[in-house]
Amino acid sequence: MGLGWYITRRVAWAFVVTFVIVSITWGLLAASPDPQVSQAATQAALQGGNPAEAQERARELRGLDAPLYQRYIDYVTGVYTLDWGWSQTRNQPVTEAILDALYYTIQYSIPWTVLVVLLGPLVGLYSSANQYSWKDHAATGFAFFGYAIPNFFFGIILLLIFGVQLGWIPVIYNTDVPVFSVANAIQLAMPVFVLVTGSIGAVMRVSRNESSEFMQADFVKTAKAKGVSQLRIYGRHVLRPTMVPLSTTIVGYLLFLFVGSSLLVEVVFSIPGLGRLLYRAIIAQDTSVVLGTTLFFTFVATVGNLIQDLVYTVLDPRINFDDR
Amino acid sequence: MSTEPGTPLLSVENLTTTFDTDAGELVAVDGIDFEVQEGQTVCIVGESGSGKTVASESITQLVPSPPGSIDGTVRFEGREVSAMSESELREIRGSAVSHVFQNPQDALNHCYTVGWQIVEAIQVHEDVSKAAARERAVDLLDRVGIANAATRFDDYPHEFSGGQKQRVMIAMALVTNPDLLIADEPTTALDVTVQAQILSLLDDLQEEYGMGIVFVTHDLGVVAQIADYVVVMYAGKVMERGDVYEVFEEPAHPYTRALMDCLPGGERAAGGIGGTLPDPTDPPDGCRFAPRCEYAVEECSRGTQPEEARLSDSHSVSCVYYHGGRDASVITGGADAEEGRRPGSPGGTADD
C-alpha cells in the first residue's frame, strides 16, 4: 500500500485516459470524410471515369469498407503496437515521421524547459525577497511582457531584427549542422528565448506570490532565530514549500506551451519538428499524421500530469496517499 | 565567558522599535529598559498589543526590517548586540540566544523532518558530523519528553501534536546550550494541562542548564509560577517592574492592579479592563494608561510617561501618584482595604 500502490493505480489510470482519447480521435476520424477518397472520385470524374466506382475502389484500398468495429479494433491495436498508419504526403510510417520530427523538437525543448524550471522559481523568489522594490517591479514587468506578447509574433519580430536587419542569426533553420555545435546553439537561441520569456512569466508570478506567503511564515522566523543565513532561508525554508503549488503550474504551463506554442514557434522559425509536422499535415489533410501527432501530445500530457502528481509526494510530506 | 562579575547576562537600554506603516510611524516599543541576570527568569507581562512580543524579538533583531527599525542599546554578556553586523548576529542567534515562539503549529517547517530541523540548528553553529548532531538531537528530544525520540526524529511536524511541537521547539532552542532563552508566550496556544507540563519542563531545564530566560506572557498565573523578576508593559512602555514577590504582593501601578483583578477570583475576573489600547501611531500624552485609569488625574495626561519612582532596590513604578507628595494609598488602598481586595484572602492571613 501507500506510495507504490498509488503510483500503480495512477499509471493504470493514465492508460485508461489515453484509451478514451484514442477512441474519441478514432470516432472523429471515422465520422469525417476521407479527403483522399473524395480526391479519387474527383480525379475519376475529371478523367471521364465513374466517380462512384473510383470512390469505392479508394475505400477498399484503405480498408474503409470493413465494418466499424473491425476498423476500431484494428486502429486501437495499431496505436498500442506503435503501428500508427502510413503518411501519404511523406511516404513513410507515421511513427517514423514523428520520431524524425521529435529529434528537432527535443533540441530546443530541453534547453527551454530546463531554463524555465530553473529560472522561473528563482526569479519569483528574488522578486518576493525584494517585494515592492524596483527589482521586483523590473522582474514583474519582464514577466508580464513575456506573458502578454504572443510567442509567434515575438518570434517574427526577433527574426526581423536579429535575422534580417542585423544578420546575427540565420533566418532559415539549417538541419545539417551537428546537434552540439555553436551554429546550432545560435539558430536555436531565438526559439528558446521566445519560449522562455513566454512561459517564465506564469511560473515566476506563482513563485513570487507563493513565496511571499512563506517569507513571513513563523517557520522562517524560527530559522532566522536559529542563526540560519538569509540565503539558506530562501533556498531551503521558502523555496521548498513554494515548489509544492508551483509544480502544478510548471507542469501544466510547460505542457500547454509544448503542445500549443511550440507549434507556432516551429512554423515561424521553420524548425522541422513536431509542431511543423502537425501544421503541414493539417494543411495537406494527411489525417494519419494529424492523428499520430495528436496522440503523441496526448501521451506527453498524460505522462506530464502523472509526474506532477508524483512530484507532490516528494515535495510535501503531508500529502498522504494511503487512502486514495 | 570573559564578562566581568556583576555584568548582567542581558541588558536592554532605551529599546525602541518602530514600524513604518501606511497609517504613519507605529511605535511598538517605546524606550524600555530591563536586565536579565544569569540563570534568572524575567517575565515581560502585558495585554495583547502592548509591545512585549516585538520587544522580545528586537533583542536579536528578528523584527523584519524594513518596515521595522530598532533603536537603543542591547548588551549580551557585555557585547553590544545592537551594534552587531548581520553575520555577527547570526552567530549569536540560536547559539547563545535561542527563541521559542508563541504558536508551535507553524513554527516548524512542514517540509522537513523534526530531526532535520534540529540538526540544522546544531550544524549552523558547530562543525559536527551528522551522526553526532543526530545523537545530541535525539538525546534532547528524549529530555524534553518526546517518547521514542530515536524514531520520532524522522517524523514530520504534522505527525506531532501541538504540545509535542512546542517540546520539539524547546529541544531545538536548547540543543546548542544557549545562555539565554527568549520564550514568547510558549504556552499560550496550548491547553492548560500541556501548559503546566511545558512550564515545569522549562523550569527543570533551566535548573539543569542554568540559562537566563526572558519569558513573554499575558498570563499572570504563569508569571507567578515561573518568574524571578517581572516587567509590566503597556502600550510600548514599562509601567512597573520588580521582584515577583514585590509585584504580586504590593502591585503599585493601577495597570498592574487591574491585571491582577482580572485573575480568576479577582474583581474584574469576568469584565476585564474597560477601554482599549491607545493607537500606537498616535499615543496619548502623559501616562499611556491614563485614558483607561480609574485614578487618573489631570496631571496624568500631560507631558510624557512619568519617571519611574523607586519603591525599593528592585521595585519601581511609572505613575504620577508616586511623585510630588501625592498619596499613593489611593491606588494601593489602606491596609484594611488591601486585605479586602486581595483574591483568595477574604479575612486576613495567618501572618496577622
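Let's start with a hairpin in chain B: two residues link strand E1(B) to strand E2(B). Keep in mind that everything here comes from a predicted model. The two strands of this hairpin run antiparallel and are joined by ten bridges. If you want one spot to look at, find Leu10(B), which sits opposite Val36(B) in E2(B).

Now look at what E1(B) does with its other partner. Strand E1 (residues 10-21) also pairs with strand E4 (residues 68-76) of chain B, again antiparallel, and eight bridges hold that pairing. You can trace it through particular residues: Thr17(B) has Ile70(B) as its bridge partner in E4(B), and Val12(B) has Val74(B). Put these strands together and you get an open sheet of four, in the order E2-E1-E4-E5, with antiparallel pairing. Which strands stand at the edges? They are E2 (24-36) and E5 (79-80) of chain B; each has a single partner strand, so one side of each has no neighbour in the sheet.

Chain B also has a pairing in the parallel sense: strand E6(B) and strand E7 (residues 180-184) of chain B are joined by four bridges. Here His99(B) stands opposite Ile182(B) in E7(B). Follow E6 (residues 97-100) along and you'll see its side chains split two ways: Val97(B) and His99(B) point one way, while Ser98(B) and Val100(B) point the other, and all of them are buried.

Next, the helices of chain B. Helix H4 (residues 114-125) has a set of buried residues, including Val114(B), Ile118(B), Val119(B) and Ile122(B). What do the buried residues of H4(B) pack against? Within chain B they meet helix H5 (130-143), helix H6 (149-152) and helix H7 (162-174), and they also pack against helix H9 (218-226) of chain A. Helix H5 of chain B is also where you'll find Glu135(B). Glu135(B) counts as partly exposed because it has 13 C-beta neighbours inside 10 Å. From there to Gly324(B) you travel 189 residues in sequence and 62 Å in space, going C-alpha to C-alpha.

That packing against chain A brings us to the place where the chains touch. The contact involves 21 residues from chain B and 17 residues from chain A. On the chain B side, helix H2 (86-92), helix H3 (104-107) and H4 each supply at least two residues. H4(B) gives the most, with four residues. By type, the chain B residues touching chain A come out as eight nonpolar, eight polar and five charged.

Finally, step over to chain A. It has twelve helices and two strands. Going along the sequence, four helices come before the two strands, and the rest of the helices follow. Its C-alpha atoms fill a box of roughly 90 × 60 × 30 Å along the principal axes. Of its 324 residues, 32% are buried. Among the contacts in chain A with a separation of 6 or more, 72% are between residues 24 or more positions apart.

One helix of chain A makes a nice check on the numbers. Helix H5 (residues 94-129) has 36 residues, so at 1.5 Å a residue it should span 52 Å; its end C-alpha atoms are 50 Å apart, which agrees. H5(A) does have a kink, though: about 35 degrees, centred on Thr105(A).

How values were computed: Residues numbered from 1 in each chain as written. Chains lettered and ligands numbered in written order. Predicted model: local features only at pLDDT ≥ 70, side-chain atom pairs only at ≥ 80, totals over all residues. Buried ≥ 20, exposed ≤ 12 C-beta atoms within 10 Å, placed from the backbone. Contact = placed C-beta atoms within 7 Å. Nonpolar A, V, L, I, M, F, W, Y, C, P; charged D, E, K, R; others polar. Pairing = 2+ DSSP bridges. Expected span 1.5 Å × (residues − 1). Bend = angle between axes of the 7 residues up to and from the residue.
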